[in-house]
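Trainee: I'm new to this one and would like a close look at a single part: a charged side chain, its partner, and whatever you need to place them. Could you walk me through it slowly?

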Amino acid sequence: MYQSLDFSHERDLNIDDLCRRLESYYPDADFTMLRKAYSFAEKAHTGQKRSSGEDYIIHPINVAGTLIKLKLDMDSIVAGLLHDVVEDCGILPEEIEKEFSKNIAQIVVGLTKISKIKFKTKEESQAENFRKMVVAMAKDLRVIIVKLADRMHNMRTLQYVNEEKQKKIAKETLDIYVPLASRLGINSVKAELEDLCLRFLHPDIYYRLAEKVTMKKSERDTYIKDVIEHIQEKLLEYSLKADVKGRPKHFYSIYKKMIARGVDFEQIQDVLAFRLNVSNITECYKALGIIHSSMTPIPGRFKDYIAIPKVNNYQSLHTTVIGPKANRIEIQIRTHDMDEVAETGVAAHWKYKEGMASGEARLDWVQELLEFNQNVENNNEFMAAIKSDLDVGGVFVFTPTGDVRELRYGATPLDFAYAVHTEVGNKCVGAKINGKIVPLKYTLKSGDTVEIMTSKTQTPSKDWLAIVRSSRAKSKIKQHLLKIERDENKELGREVLEKAFRVFGTSLKSVIKSGEFAKACVEFSVSNEDDMYIQVGSGRYSPKDVIQAIPSLKKEEDSDSKIDELDTYTKKVTSTARKKSNKDNAVIVDGMDDLMVRMARCCNPIPGDGIVGYITRGRGITVHTAVCDRIDAGDIGRNIDVDWNTEFSFKHPVNIRVITHDKPGILSSISKSITSIVNIRSALAKSLPDRKGSFIFEIEVKDYSELLKVTGMIEAHEEVISVTRV
Ligand code: MN
């Protein structure tokens with residue numbers, strides 16, 4: 001609400017100013033690197049102009065200036081200077097990595113990715129999806145902070161572009177970047193962006209407000225001075241020291257109040273806001289008591305965000321009181337530290353801290369937040385919220401027309417096709433990702449544009465069940481397969497019944513005509529002819545069963561043997577027979593049916609492992625991995641060849657042991673990696689000497705390649721020493 005940081009476009013800002021400002025809070029910063037980044041950017045942007053007619057370099061300089069005001073670290077500031085060189089000057093990320101660092105290159109690449117997203121403001125959920133996608137794509141949260149600084153300067157110079165573009169960019173800013181800034185608690189940026197959005201989206205309202213707020217400015221300034229003096233005096237009586245500031249609220253918050261209450265500016269009384277900064281929490285409540293005893297508080301307007309912080313970690317006391325001359329004034333009371341958090345939010349985490357070695361490796365932001373959580377009490381809610389909000393489980397992809405769809409992690413083009421429409425799914429023959437043809441089992445990534453190719457003659461196949469991840473797609477495919485099976489069974493049932501009746505010198509048609517077929521249906525509790533065919537085609541009833549239910553059929557000498565023959569044939573071809581062969585076991589045992597098969601507990605084989613069967617006394621066959629110690633090499637006669645059944649899909653339990661350096665939050669970040677792919681059944685944690693930790697996870701995997709994917713994800717954590725299957 002306060003705009004104590006001023007981000008206005010500075011047309012004369014230069015690299016010397018940046019260095020000077022940086023030095024004020026970061027005296028041992030690497031100024032050579034900063035100047036190098038500046039020269040690099042200036043050279044790259046040579047000849048390019050902003051819409052304002054200024055040299056392009058003024059834009060990155062202002063972006064870096066904002067980042068310095070937020071007191072961000074060197075990586076962010078350098079990335080701010082370089083943020084447009086990949087997109088606008090064709091510089092390769094590798095070059096940035098070579099000249100500067102990998103981290104800086106990654107931030108710039110993240111920014112470039114976000115800028116490529118074409119966004120259509122269509123509906124609320126679309127904006128929400130987009131916001132999540134931005135977060136999903138920006139693994140390093142600093143990408144978003146630099147992006148906000150970039151957007152801030154573009155908004156600050158928006159008057160130089162045409163009106164259509166102004167509206168589009170302002171709308172996008174309000175839909176996407178304002179909520180992001182708010183969520184990250186960077187209130188100074190949020191307030192500034194909101195006012196700029198109002199200025200370009202509703203210029204009439206903005207300028208009317210600006211006029212009214214600045215009108216009687218000297219009168220208002222005097223009033224503010226009086227209130228500050230009054231407050232200081234009262235505090236002094238209790239020997240309490242505080243910084244007290246006052247100013248009109250930012251326009252957008254006044255505008256929101258006008259909308260919410262359906263009133264005009266004149267009726268909004270509380271346009272002035274005051275802030276008291278004190279040394280500690282006790283003083284906050286003390287100051288509140290003093291305020292409330294000297295000015296009448298408005299009931300229902302007091303809020304204690306110190307006891308219950310907002311989810312973005314904002315802490316403050318809010319109250320509204322009747323000030324001098326019966327004016328309503330809003331007062332915020334908080335400590336200096338809380339004020340810092342309120343202004344810069346999550347950016348405070350990358351703030352330069354005294355004594356920190358420059359260039360010190362930064363942790364993954366989630367890790368940093370996790371540690372932050374452990375140092376500060378009362379932050380559970382903040383953490384839970386920021387994690388659930390920022391850690392999106394899905395991938396966000398575009399339709400060719402620019403709509404955003406959220407899909408499950410690991411989703412494939414087929415999932416996408418079924419998400420669009422069942423018929424698009426059923427007729428899907430292929431997909432193009434960002435214009436290139438990919439296999440149907442391609443794993444979608446956030447930001448992909450997906451185009452589905454269809455064919456009228458296509459129908460879903462059983463293999464598709466192994467490709468899709470979403471339950472919607474799975475059930476649609478199964479539905480279709482069932483329907484196909486039903487049609488096939490109907491066809492087959494009719495065919496064998498026709499043959500059966502011919503044996504008796506009659507036809508299906510005449511048996512139906514005589515009404516006897518309908519009677520048979522009733523006897524079998526089957527609702528109609530079609531269903532009867534299906535029952536016969538599926539093998540539930542045999543042709544013989546049906547024949548026996550029709551007494552009028554005249555038997556001939558060889559009719560019994562002919563019917564038996566037909567029965568045998570039917571048994572072989574019906575769908576029950578088709579299914580039985582290899583549906584119920586994960587493993588196919590060489591040449592044998594109906595054997596009891598179980599997986600050995602000692603080695604927990606999963607599809608993809610080399611396996612052997614081992615005949616156990618009275619317990620059928622136990623399946624071990626080929627390398628399992630328990631298989632007795634001397635007892636070779638009891639081994640039997642087995643193979644994985646590719647038609648069988650089942651989750652297999654498997655144990656993995658992870659040894660890591662002991663670090664706060666490591667368990668939760670590893671768990672997060674695992675659950676992004678598979679379920680965890682149980683987890684066991686143990687501390688080892690030398691500040692190491694051991695975790696055993698029991699997880700459920702489909703096959704070996706899925707296990708590899710999981711272990712790969714775990715190994716990607718820097719702290720992890722080893723991952724083994726146990
Ligand atoms: Mn830019």
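Mentor: Start with Glu-54, which counts as buried because its relative accessible area is 13%, under the 20% cut-off. Keep in mind that this is a predicted model, so read each distance below as a value computed from it. General chemistry first: side chains of opposite charge can pair when their charged atoms come close. Glu-54 has such a partner, since its side chain meets that of Arg-11 in a salt bridge, 3.4 Å from N to O. Now look at where the two sit: Arg-11 belongs to the segment before helix H1 (15-25), and Glu-54 to the loop between helix H2 (31-44) and H3. They are 43 residues apart, so in following this pair you are looking at a link between distant parts of the chain. The two ends have their own surroundings, too: Glu-54 is buried, whereas Arg-11 is partly exposed at a relative accessible area of 46%.

Move on from that loop and you come to H3, which covers residues 58-69. Here you meet the manganese ion, whose protein donors are His-59 (NE2), His-83 (NE2), Asp-84 (OD) and Asp-150 (OD), at 2.2 to 2.4 Å from the ion. His-59 is the one in helix H3, while His-83 sits in the loop between helix H4 (74-82) and helix H5 (85-89). Those places are 24 residues apart in sequence, so this pair of donors ties together separate parts. If you like to read along the sequence, the donor spacing is H-x23-H-D-x65-D. As for cover, His-59 and His-83 are each buried.

While you're in this stretch, stop at Lys-71, in the loop between H3 and H4. What's odd about the phi of Lys-71? The angle is positive, about 55°, although the residue is not a glycine. That deserves a second glance because most residues other than glycine have a negative phi. Lys-71 is also partly exposed, with a relative accessible area of 30%. A second case turns up further along: Ser-525 has a positive phi near 55° and is not a glycine either. You'll find Ser-525 in the loop between helix H24 (516-523) and helix H25 (529-538). Ser-525 counts as exposed because its relative accessible area is 67%, over the 50% mark.

Back to helix H4, since another salt bridge starts there. Asp-75 meets Arg-142, side chain to side chain, with 3.6 Å between N and O. Asp-75 is in H4 and Arg-142 in helix H9 (residues 141-156), so this bridge ties together parts 67 residues apart in sequence. Is each end buried or exposed? Arg-142 is buried, with 3% relative accessible area, and Asp-75 counts as buried too, at 14%.

So how many salt bridges does a search of the whole structure find? The total is 30, and one more is worth a visit. In that one, Lys-257 pairs with Glu-330, the closest N and O atoms being 3.8 Å apart. Lys-257 is in helix H14 (residues 251-261), Glu-330 is in strand E6 (residues 328-335), and this pair again links distant parts of the chain, 73 residues apart. Both residues, Glu-330 and Lys-257, are buried. The pair isn't alone, either: salt bridges with shared partners join Lys-249, Lys-257, Arg-301 and Glu-330 into one network.

For contrast, here are some charges at the surface. Arg-408, Lys-474, Lys-478, Lys-702 and Lys-709 gather there as a patch of positive charge. One of them, Lys-474, is in helix H22 (residues 471-503) and is partly exposed, at 31% relative accessible area.

Finally, other kinds of pairs can be placed in space as well. Val-244, in strand E1 (residues 243-248), is buried at 12% relative accessible area. Its C-alpha lies 4.6 Å from that of Leu-276, a residue 32 positions away in sequence. Likewise, Ile-696 in strand E20 (residues 692-701) has its C-alpha 6.7 Å from that of Asn-655, 41 residues apart along the chain. Ile-696 is partly exposed, with a relative accessible area of 26%.

Technical notes:
Residues are numbered from 1 along each chain as its sequence is written. This is a predicted model: local features need pLDDT of at least 70, side-chain atom pairs count only at pLDDT 80 or more; totals for chains, interfaces and linings use all residues. Side-chain values use heavy atoms; hydrogens and water are left out. Donors are N, O and S atoms within 2.8 Å of the metal (3.2 Å for Na, K and Ca); water is not among the atoms, so sites may look incomplete. Helices (H or I, at least four residues) and strands (E, at least two) are DSSP runs, numbered from the N terminus. Buried means under 20% relative accessible area, exposed over 50%, partly exposed in between (1.4 Å probe, protein chains only). Patches are made of residues with over 30% relative accessible area and no salt bridge: like charges are joined within 9 Å, nonpolar side chains (Val, Leu, Ile, Met, Phe, Trp, Tyr) within 5 Å. Accessible areas come from the Shrake-Rupley method with a 1.4 Å probe; for residues, only the protein chains shown count as cover. A salt bridge is a side-chain nitrogen of Lys or Arg within 4 Å of a carboxyl oxygen of Asp or Glu. Lys and Arg count as positive and Asp and Glu as negative; His and the chain ends are not counted. The place of a charge is taken as NZ of Lys, CZ of Arg, CG of Asp or CD of Glu.
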